[in-house]
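Me: I'd like to learn how to read pockets and a ligand site in a protein model. Could you walk me through one?

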Amino acid sequence: MMDKALSDRKVKSVVICGHNGKFCGGADIREFSSPLTGPLLIPVIQGVESAAKPVVAAIEGVALGGGLELALGCHYRIANSKARLGLPEVHLGLLPGAGGSQRLPRLIGVPAALDLITTGRHVTAAEALQLGLVDRVTDRNTVDEAVKFALSVADQSPQSRRISTFPCPRHPDLDALFEDVMQRVRQRARGALAPVACVRAVRAAATLPFPQGMERERELMATLFTSGQARAQQYHFFAQRAVGRWSMPSGARWDKTKPVAVHKAMVIGLGTMGRGIAVALVQAGVSVVAMETNEKQLTDAKQAISSMLERGAKRRGVAPALDKIRYSSDHSRRSRSALTGGP
Ligand SMILES: CCCCCCCC/C=C\C/C=C/C(=O)SCCNC(=O)CCNC(=O)[C@H](O)C(C)(C)COP(=O)(O)OP(=O)(O)OC[C@H]1O[C@@H](n2cnc3c(N)ncnc32)[C@H](O)[C@@H]1OP(=O)(O)O
């Protein structure tokens, strides 16, 4: 269809839109666990960008991941005011591997691209306009507006609109910028590979010509694509949604159940997990009885829990709620708490 539109001499300009009010939420994540089939996105985007006639993206609903990368291959982007745009691949243990890490910095600058790519956050159409990610925002029918716009630019060459030909906007001190961002990302990422690879890919955009940058993006993506972290994060994506459908054999569902306030809880067993659970409960304002029958473990746990509570309180600028926790080694004195459990 796209080939036909691009090669038909009677067609002077093209609009790409989605279906059912959504431009594109990106690749089907399930496909990442089996060999990739269908037309490959990178050559499709290259084909769109190198077209001799203007191509306009009409963005409604969402343009995420590969969807936004496709829009970046278009010569113009018109977004509905309710649309959201983003490159959330980092949450799936990946980077924007269809040219997104190379085109976005060329379009909106390195600092803004680093922010969007390393956090994966979605931006509203209004913010996208401010960043220069889209050319226009409309409250009206987006496809109609995009068609009108496409007709108005039909006789113009799209040559100056190909993002891959843009130089990356200059930054006064690239080395310092990347050093600072890498340090912050490493701290936040706590061992996650994808955010670090995202910074490296954007650095390639800022320092290499587009074809070499694409090659670097491909290399970095290849290391992430089959990583255990990516598999785990993709599993997490579906698991999070499956939780919404979770029900008890009785038919009870969490979303149809009235929540009950929990004021008291008992944590049995103060190994690594028990300590973490006790701290999380205390920090949520719950009074905790922490039980451990092994005296040495109990002594260590008291110290560890107190210092976790103190550190957490210091970070939040509040007093540590040390009085919210009592310790016991006597298993027979289990009280009736609203919530009892432990590893
Ligand atoms: C050697 C290596 C070489 C590799 C070369 C690779 C080249 C690069 C190729 C491709 C790059 C492209 C990558 C990507 O695009 S990754 C995907 C990026 N997109 C996302 O992460 C978006 C994820 N989805 C969402 O954020 C939301 O779902 C939403 C905003 C789109 C809609 O939100 P909402 O209305 O709240 O609905 P739900 O979240 O509940 O979702 C509904 C339903 O749909 C399923 N679903 C959503 N998105 C996806 C998806 N991307 N893939 C598969 N399934 C998806 C979701 O699971 C729900 O399903 P249900 O629970 O069964 O109802």
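Reply: Happily! Let's begin with the second largest pocket, whose volume is about 190 Å³. Keep in mind throughout that this is a predicted model.

Me: Which residues line the second largest pocket?

Reply: With a pocket, it helps to go from the volume to the lining. Here the lining is made up of M1, M2, A5, V14, V15, I16 and C17. Two elements, α1 (2–7) and β1, give two or more residues each to that lining. β1 gives the most, with four residues.

Me: And how does the lining of the second largest pocket divide into nonpolar, polar and charged residues?

Reply: It has seven nonpolar residues, no polar ones and no charged ones.

Me: Now for the largest pocket: how much space lies in it?

Reply: About 1200 Å³. The lining counts 41 residues, and those closest to the pocket centre are G26, A27, F32, L41 and G66.

Me: Which elements give two or more residues to the lining of the largest pocket?

Reply: They are β1 (14–17), α2 (41–49), α3 (66–73), α10 (210–225) and α11 (228–243). Of these, α11 provides the largest share, five residues. By class, the lining of the largest pocket holds 25 nonpolar, 11 polar and five charged residues. β1 is worth a second look in your viewer: this strand gives two or more residues to the largest pocket and also gives the most to the lining of the second largest pocket.

Me: What about the ligand? Which residues are the closest to it?

Reply: For a ligand, start with the shell of residues and then go down to atom pairs. The shell here has 21 residues, and the closest are G25, A27, G66, R241 and R245. A27 and G66 are already familiar, being among the residues closest to the centre of the largest pocket.

Me: Which elements supply at least two residues of that shell?

Reply: α3 and α11 each do. The largest share, three residues, comes from α11. Divided by class, the shell has 10 nonpolar, five polar and six charged residues.

Me: Where do the polar atoms of the protein approach the ligand, on the backbone or on a side chain?

Reply: You will find examples of each. A polar backbone atom of A27 is 2.8 Å from an oxygen atom of the ligand, and a polar backbone atom of G66 is 2.8 Å from a ligand oxygen atom. For R245, a polar side-chain atom lies 2.7 Å from an oxygen atom of the ligand. As for burial, the ligand taken alone exposes 1200 Å², and the protein buries 66% of that.

Me: Last one: what does the UniProt record annotate at residues 265–331?

Reply: An annotation is best read beside the computed geometry. The unreviewed UniProt entry gives "domain: 3-hydroxyacyl-CoA dehydrogenase NAD binding" for residues 265–331. Over that stretch the chain is 51% helix and 19% strand, with its end C-alpha atoms 15 Å apart.

How values were computed: Residues numbered from 1 in each chain as written. Predicted model: local features only at pLDDT ≥ 70, side-chain atom pairs only at ≥ 80, totals over all residues. Heavy atoms only, no water. 1 Å grid on protein atoms, 1.4 Å probe; cavity = no way out; pocket = protein on both sides within 12 Å on 5 of 7 lines; lining within 4 Å. Points joined across faces, edges and corners; volume = space filled by probe spheres on them. Nonpolar A, V, L, I, M, F, W, Y, C, P; charged D, E, K, R; others polar. UniProt positions renumbered as here; feature names shortened; annotations may be inferred. Near = heavy atom within 4 Å. Polar contact = N/O pair within 3.5 Å; in protein donor to acceptor, adjacent residues only side chain to side chain. Areas by Shrake-Rupley, 256 points an atom, 1.4 Å probe, with all protein chains shown as cover.
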